[in-house]
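Student: I would like to go through this structure with you. Where should we begin?

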Amino acid sequence: MMLETHLRQAATVLLESAIRLAPPDTREWGRAMAGELNHVEGQWAAAMWALGGAGVMVKYALASLLLPGRGGQDMVPDGGLFAKSAPLRKAALAIGGACVLAAILFFAAPPFRQAFGVALRPWFHMYQLASRSFQPGFEALAKRADMLHDPEGLAFCAVRFQDPRESARLAEEAVRLDPKLLWVYAAVAMRNPGLSETQPWVEKLERWDPQNALLHLIAAESIEQANVHRGWWSPPTQEQERAWQNAMAAAFQSPKFDDYLDRVAQLNRRVIPCYGFYDPYEVESRVWIDLPIHAFQNSERFAKSLLHSGEDLEASGDRKGGRDKYWTVARFGQLIDSQGRTGLEHWMGTSLQAMAYRQLQASSQKEGNQSEAALFAYLAAKFDPLEGVHAGFPGESAFGPDISRRNAAVVEISGLMILIFSGLVVLATSILIAGSLRSARPPAELARPVATLVVLTSALGLLFSSVTLYLTYRPYWYIFQSAILSGDRAQTSDLRDFLHDFPMLPGVSPRGYITLLNALVYSGSPSFLFYVWSGVTLLAVSGLALILLRHLLGRPHAHAP
Amino acid sequence: MLERFLERSTDWLYGYELSRETGLKSGTLYPILIRLEKYRLLEACWVATEDGVPPRHTYRLTPNGLELARAKLAEARPRSMVRQPAFCSG
C-alpha cells in the first residue's frame, strides 16, 4: 500500500511538472486531468491516470517545440480526429530512414570502410581469445598466394605470420619460387630464433649479405633459444657460451646493420594493392616485424662484458686495449643508431653509446685528461636514452601521441556506437512492423510511439557516429595510402601511435597487442574519454533531432474535421 | 465515446466518467477531447466541487459536435453490423 501511495504521489508530481512544461493554451487540459485525479478510484488507477496525463502534456510540449507557434493543438493524425497516433510518426520515420540511408552510403567510401574495420579491431581481438584463427586475413591471403605461386604474396605473409612453423613454410616456399627474397629468412628467424631452420638460413644469409650485424644477432639468439625447452631455460654449455660470444663479437665488429624494413616496405607496396589487403592494423603494426627485444638484451649483455674486460685490461696497465673495448661498444651503438629505423633500434644504439662514453669518461678522468673527460661526459649525456637530446622516437610525427591516443578513442567509440545504434534501429523497426500488423497484440501497438522515438534518435546517432568516424580516421587513411602507394613514410609514426593506442575497453588504454585478460589485469590509467564522448554523442544527437525536426516539419498536417 | 455523448447529449460529463464508460485511458481520451474542443465540436467548463477539492472540467458536444457524432455513428453502424464476432458459441 505504501508503494502504491508513493507511486501515486510521484505520478501526480510528474503530471504537475508536465503541466508546467506544456504550452500555455494546453495547460488548462493538464489541470483538468489533475482535477479528475482526486476522483479516480484506486492508487494504481490514479497513478496510471496521472502518467497518461503527463504523457499528453509532454507530447504537446514537444509538439510546440518542434512546430513553433502552433502549440501542436491543431495536429490532426492521418486517422482523423479520433485516431490515437500523431502525424509526427511518419515524419520521424522518414528522417530516421534518410539518416540510416546516409550512414549506409558512408560504406561506399574506402576510408570509412577501413576506419570501421580498425574501430572494431579491439573487439575482434577479444573474440580471438575464443577463436582458433588469429590471423584470418593473412591465412586467406596466404592460401591465395599459394594457389597463384606468388613468391611476394607468400613472403608478405611469412613476415607477419604469428605461427612460427607456418611462417617458416611460407618463407621457404617464397625463396624457392624467387631466390631474391632470401632476406625473408632473416625477417622470420629474427622473430623465431628457435626454429630448426635458423642455423642453415643464417649460413645462407651470411653468404648473401656478409657484413650485416643483424644476422649475427639472430645467430646469437638462436644459440640462447637452444637452451629453452618447453618454457624452461637451462644454463648454456661452455661450447654454447663460446659460440654465443663469437656471434656477438662478429655482430659488434660488423660494418653494417640492415633490419630489411625497407624491403618489407617495398613488398607492402607491391602486394597490398595486388591483393586488396588494406588492413593498416596488420600492415603497419611493427610488433611482429620490428627488431625483437632479445636483440637489445643480448647486445647489452655483451656490451657490459666488453666494458668489464676493458676495465680489467686498464687495471692491468693495458690502457689502449681497454679503450679499444669501450670504442667497440660505442661504434656498434653508432651503427645501430644511424642505420636502424625503429624506436627500439634507436634506444639500443643510444643506450650502448651512453654506456661506452661513460666508461671512456672515467678512463680519461683517471688519466687526468679533463678536457677529454668533459667531452665524453657531454656525449654520454647526449646519448642518454632517457634524458639526452636523442631521447624519444626519431620518427616524424605531426599529431603527437596525445592527439593520436584521443583519436583512437574517438574512432573506437564511434565504431561501437554505430553497432549499438544499428542494433537499436533494427530492434525498433521490428517492433514498429509488429505493431502495424493486423494481428498485432495491444503491447506491440502501445510500444509504437517509443519505437518511433528510438528509430529516430538511433538513426541520428548512427549518422553522427558515422560522420565522426569518417572525419577522425580520414587523415590516417591518407597516411596509410601514401605509405603504401608512394612509399612516403612521413607521418607513419602518427599512424602507428594511433593503432597502438587503441583502447581495449572503454576507459582503458593499454598499448599494443594485448588480450582482454591483460586489459583487465593491467588496466592502464582510466580515461574519461569514453564518458565524455558518449555525452557529446547523446547531446549532439538530441540537438540534431530537434534542429532537423524543426526545419523539416515546418508545416504540420492540419485537417479540418 | 461519441455514443456516450449522444446518449446524454444534454449532460455535462467528467473526463474520468468518460474514461470509465469508454475504457479509454487518459493518454488517449484527452488528446481527442482537446481536438474536438479545438474545432468547436465540444464545449468544456469548470464546475466547483466541495471545499478543498479542485474544480472539475466537464464536457458536452456542441450542436455541430452532435451533428458530427450522429453522422459518424450512422456511418459506423452498417459496417459494424456486417462484422462477424471472432468467437461465437453457436
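Tutor: We can begin with confidence: chain B averages a pLDDT of 80, and 84% of its residues score at least 70, where pLDDT is the predictor's confidence in each residue, from 0 to 100. This is a predicted model, in which local features need pLDDT of at least 70, side-chain atom pairs count only at pLDDT 80 or more, and totals for chains, interfaces and linings use all residues. Residues are numbered from 1 along each chain as its sequence is written, while chains are lettered from A and ligands numbered from 1 in the order in which they are written.

Student: Over which residues of chain B is the pLDDT below 50?
Tutor: That applies to residues 82-90 of chain B, a stretch with zero contacts in the model beyond near neighbours in sequence. A contact requires the C-beta atoms of two residues, placed from the backbone, to lie within 7 Å.

Student: And the scores for the model?
Tutor: The ipTM is 0.85 and the pTM is 0.58.

Student: How many residues does each chain bring to the contact?
Tutor: Chain A brings 21 residues and chain B brings 22 residues. On the side of chain A that touches chain B, helix 2 (24-37) and helix 3 (43-66) each supply at least two residues. Helix 3 of chain A gives the largest share, six residues. Helices here are DSSP runs (H or I, at least four residues), as are strands (E, at least two), numbered from the N terminus.

Student: What is the chemical make-up of that side of chain A?
Tutor: It divides into 11 nonpolar, seven polar and three charged residues. Ala, Val, Leu, Ile, Met, Phe, Trp, Tyr, Cys and Pro count as nonpolar, Asp, Glu, Lys and Arg as charged, and the others, Gly among them, as polar.

Student: Changing topic: which residues touch the most other members of the largest nonpolar core?
Tutor: They are A:Ala158, A:Val184 and A:Ala186, in a core of 114 residues. Such a core is a set of buried Ala, Val, Leu, Ile, Met, Phe, Trp, Tyr and Cys residues joined through C-beta atoms within 7 Å. Buried means that 20 or more other C-beta atoms lie within 10 Å of the residue's own; 12 or fewer is exposed, and in between is partly exposed, with C-beta atoms placed from the backbone.

Student: Where does this core lie?
Tutor: It lies between domain 2 (132-291) and domain 3 (410-552) of chain A, because both give residues to it; the domain bounds come from an automatic or database domain assignment. A second, separate core of 36 residues includes A:Leu37, A:Ala46, A:Tyr60 and B:Ile34.

Student: B:Ile34 is in helix 3 of chain B. How far apart are the end C-alpha atoms of that helix?
Tutor: They are 18 Å apart, which agrees with the 18 Å that its 13 residues should span at 1.5 Å a residue; the expected span is 1.5 Å times one less than the number of residues. Among the buried residues of this helix are B:Leu33, B:Ile34 and B:Leu36.

Student: What follows that helix?
Tutor: B:Arg40 follows, in the loop between helix 3 (26-38) and strand 2 (42-47) of chain B. B:Arg40 has a positive phi of about 60° although it is not a glycine.

Student: Is B:Arg40 buried or exposed?
Tutor: B:Arg40 counts as exposed, because it has 12 C-beta neighbours inside 10 Å.
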